[in-house]
Amino acid sequence: MSVLKRKSARPEAICALISAMQACSKTAPELVEETGLSLPTVINWLRAAHGARLIYIAAWSNDRNTTAHYAWGRGTDAARPPVMSPAQRMAKHRQAKKNNM
């Protein structure tokens, strides 16, 4: 019986993650693309860094899903946009569909 060992993130990748965060605000998928780390690793790092107040949520984007944009520093978190009701989502969907025709 073999035991699988967890791979830890490479120090170079964590340094790249920190460097990317210091440049400008980024989302988790953007950081995955830049650093080559897996999404769960990046999300865990973001949670830990946000909890330690090393980073803050600079903005939220609401394209398809509500996504946080993280920035380096001790700023105040941006307010999360309110959840849309099903009627609002349907109206937005119909408007987008109408604009694409």
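## A walk through the core, helix α3 and strand β2

Start by selecting leucine 31: leaving aside neighbours within four places in sequence, this residue is in contact (heavy atoms within 4.5 Å) with Leu17, Ala20, Met21, Lys26, Gly36, Val42 and Leu46. Before you go on, note that this is a predicted model, in which local features need pLDDT of at least 70 and side-chain atom pairs count only at pLDDT 80 or more, while totals for chains, interfaces and linings use all residues. Residues are numbered from 1 along each chain as its sequence is written, and side-chain values use heavy atoms, with hydrogens and water left out.

**The whole chain.** Zoom out and colour by secondary structure. You should find 4 helices and 2 strands, in the order α-α-α-β-β-α from the N terminus. Here helices (H or I, at least four residues) and strands (E, at least two) are DSSP runs, numbered from the N terminus. The C-alpha atoms fill a box of roughly 55 × 40 × 25 Å along the principal axes. The radius of gyration is 18 Å, whereas a compact globule of 101 residues would have one near 13 Å; this radius is taken over C-alpha atoms, and the globule rule is 2.2 Å times the number of residues to the power 0.38. Of the 101 residues, 22% count as buried. Buried means under 20% relative accessible area, exposed over 50%, and partly exposed in between (1.4 Å probe, protein chains only).

**The nonpolar core.** Now show side chains for Met21, Leu31, Val42, Leu46 and Tyr70. Of the 15 residues in the largest nonpolar core, these touch the most other members. Each of α1, α2, α3, β1 and β2 supplies at least two residues of this core. A nonpolar core is a set of buried Ala, Val, Leu, Ile, Met, Phe, Trp, Tyr and Cys residues joined through side-chain atoms within 4.5 Å. In soluble globular proteins, nonpolar side chains tend to be buried together.

**Helix α3.** Next, select residues 39-51, which form α3. Which residues of α3 are buried? They are Val42, Trp45, Leu46 and Ala49. Look down the axis of α3: the buried residues fall within an arc of 100°, so they line one face of the helix. That arc is the one spanned by the directions from the helix axis to the C-beta atoms. These buried residues pack against α1 (11-23), α2 (28-35), β1 and β2 (66-72). Turn the helix around, and the face away from the buried side shows you the exposed residues Pro40, Arg47 and Gly51.

**The loop after α3.** Move on to arginine 53, in the loop between α3 and β1. Its phi is positive, about 60°, although arginine 53 is not a glycine. At 46% relative accessibility, arginine 53 counts as partly exposed. Leucine 54 sits in the loop between α3 and β1 (55-62) too, and is partly exposed with a relative accessible area of 39%. Show what surrounds leucine 54: not counting residues up to four places away in sequence, it touches Ala49, Trp72 and Gly73. Draw a distance between the C-alpha atoms of leucine 54 and glycine 73 and you should read 5.5 Å, although the two are 19 residues apart along the chain.

**Strand β2.** For the last stop, select histidine 69, found in strand β2. Is histidine 69 buried or exposed? Histidine 69 is buried, with a relative accessible area of 17%. Beyond residues up to four places away in sequence, histidine 69 touches Ser25, Lys26, Thr27, Tyr56, Ile57, Ala58, Ala59, Trp60 and Ser61.
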